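Here is a short report for a first look at this structure. Keep the sequence and the 3D view side by side while reading.

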Amino acid sequence: MKKIAWMLGLAGMLAVGAAAAADGKAVYDATCSGCHSAMAPKIGDKAAWAPRIKKGVAALTASVMKGKGAMPPKGGAASEAEVRAAVAYLIGRAK
Ligand code: HEC
């Protein structure tokens, strides 16, 4: 009995993890931070992000989906929803 309760608890935790997949910070930390914590445009660098923020979330998401310069398509993320969430997080950190 105890074992079943434990397994149900684990399943619940996994479900929460999947629901948080489009959490911008989580996507950023897992997928984008390798580059954007180390090279331009760096997270939190207001001067680097100001001209990009002006384009808006939709245009930046489209740009990441295509890939740009050294950035691979989707920035390595799994879906457009993840890219959009991570872009919103990056913008929030640069304001
Ligand atoms: C392999 C390194 C790398 C990864 C991984 C990466 N980026 Fe980038 N990113 C770059 C570089 C380099 C640029 C600058 C491209 C340029 O302007 O030529 C950039 C530019 C951007 C821009 C600005 C695009 C524009 O049109 O000016 C956004 C937004 C962005 N990245 C978001 C993300 C997000 C969100 C992720 C994760 C899902 C991510 N990046 C993952 C390297 C990376």
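## Around the ligand

This is a predicted model. A shell of 24 residues surrounds the ligand, and C32, C35, S63, G69 and G75 come nearest. Three helices each supply at least two residues of that shell: α2 (24–36), α4 (57–66) and α5 (80–93). Helix α2 gives the largest share, six residues.

What kinds of residue make up the shell around the ligand? There are 15 nonpolar residues, seven polar and two charged.

## Overall layout

The chain has five helices and zero strands. From the N terminus on, the order is therefore simple to write: α-α-α-α-α. The chain has 95 residues, and 19% of them count as buried.

Contacts between distant parts of the sequence feature as well. Take the contacts in the chain with a separation of 6 or more: 59% of them join residues 24 or more positions apart.

## How far to trust the model

The mean pLDDT of the chain is 87. Of its residues, 78% reach 70 or more. Confidence varies along the chain. Among the elements, helix α4 has the highest mean pLDDT, 98. Helix α1 (residues 2–19) has the lowest, 52.

Over residues 16–21, pLDDT stays under 50. For this stretch the model has two contacts beyond four places in sequence. Where pLDDT is low, the predicted coordinates should not be read in detail.

## The nonpolar core

Which residues form the largest nonpolar core? It has eleven: V27, Y28, C32, L60, V64, A77, V83, A85, A86, V87 and L90. Helices α2, α4 and α5 each supply at least two residues of this core. Helix α5 gives the most, with five residues. In soluble globular proteins, nonpolar side chains tend to be buried together.

One name appears in two lists. C32 belongs to this core, and C32 is also among the residues that come nearest to the ligand.

## Helix α5

Helix α5 has 14 residues, which at 1.5 Å a residue should span 20 Å. Its end C-alpha atoms are 20 Å apart, so the model agrees with the expected span.

Seven positions of α5 are worth locating in the view. E82, V83, R84, A85, A86, V87 and L90 are buried. The buried residues of α5 pack against α2 and α4. A85 touches A22, D23, G24 and V27, leaving out residues up to four places away in sequence.

## K74, between α4 and α5

K74 lies in the loop between α4 and α5. Is K74 buried or partly exposed? K74 counts as partly exposed, because it has 18 C-beta neighbours inside 10 Å, while a buried residue needs 20 or more.

The backbone of K74 has a notable angle. Phi of K74 is near 65°, a positive value in a residue other than glycine. Beyond its neighbours within four places in sequence, K74 is in contact with V64, M65 and V83. Of these, V64 and V83 are residues of the largest nonpolar core. K74 and S63 are eleven residues apart along the chain, and their C-alpha atoms are separated by 8.5 Å. S63 is one of the residues that come nearest to the ligand.

## S33 and the cis peptide bond

S33 lies in helix α2. S33 has 14 other C-beta atoms within 10 Å, so S33 is partly exposed. S33 and I43 are ten residues apart in sequence; in space, 8.1 Å separates them, C-alpha to C-alpha.

Where does P41 sit? P41 is in the loop between α2 and α3 (46–53). The peptide bond from A40 to P41 is cis, with omega near -10°.

Conventions
Residues numbered from 1 in each chain as written. Predicted model: local features only at pLDDT ≥ 70, side-chain atom pairs only at ≥ 80, totals over all residues. Near = placed C-beta within 6 Å. Helix = DSSP H or I, 4+ residues; strand = E, 2+ residues; numbered from the N terminus. Nonpolar A, V, L, I, M, F, W, Y, C, P; charged D, E, K, R; others polar. pLDDT = per-residue confidence, 0-100. Contact = placed C-beta atoms within 7 Å. Core = buried A, V, L, I, M, F, W, Y, C linked by C-beta atoms within 7 Å. Buried ≥ 20, exposed ≤ 12 C-beta atoms within 10 Å, placed from the backbone. Expected span 1.5 Å × (residues − 1).
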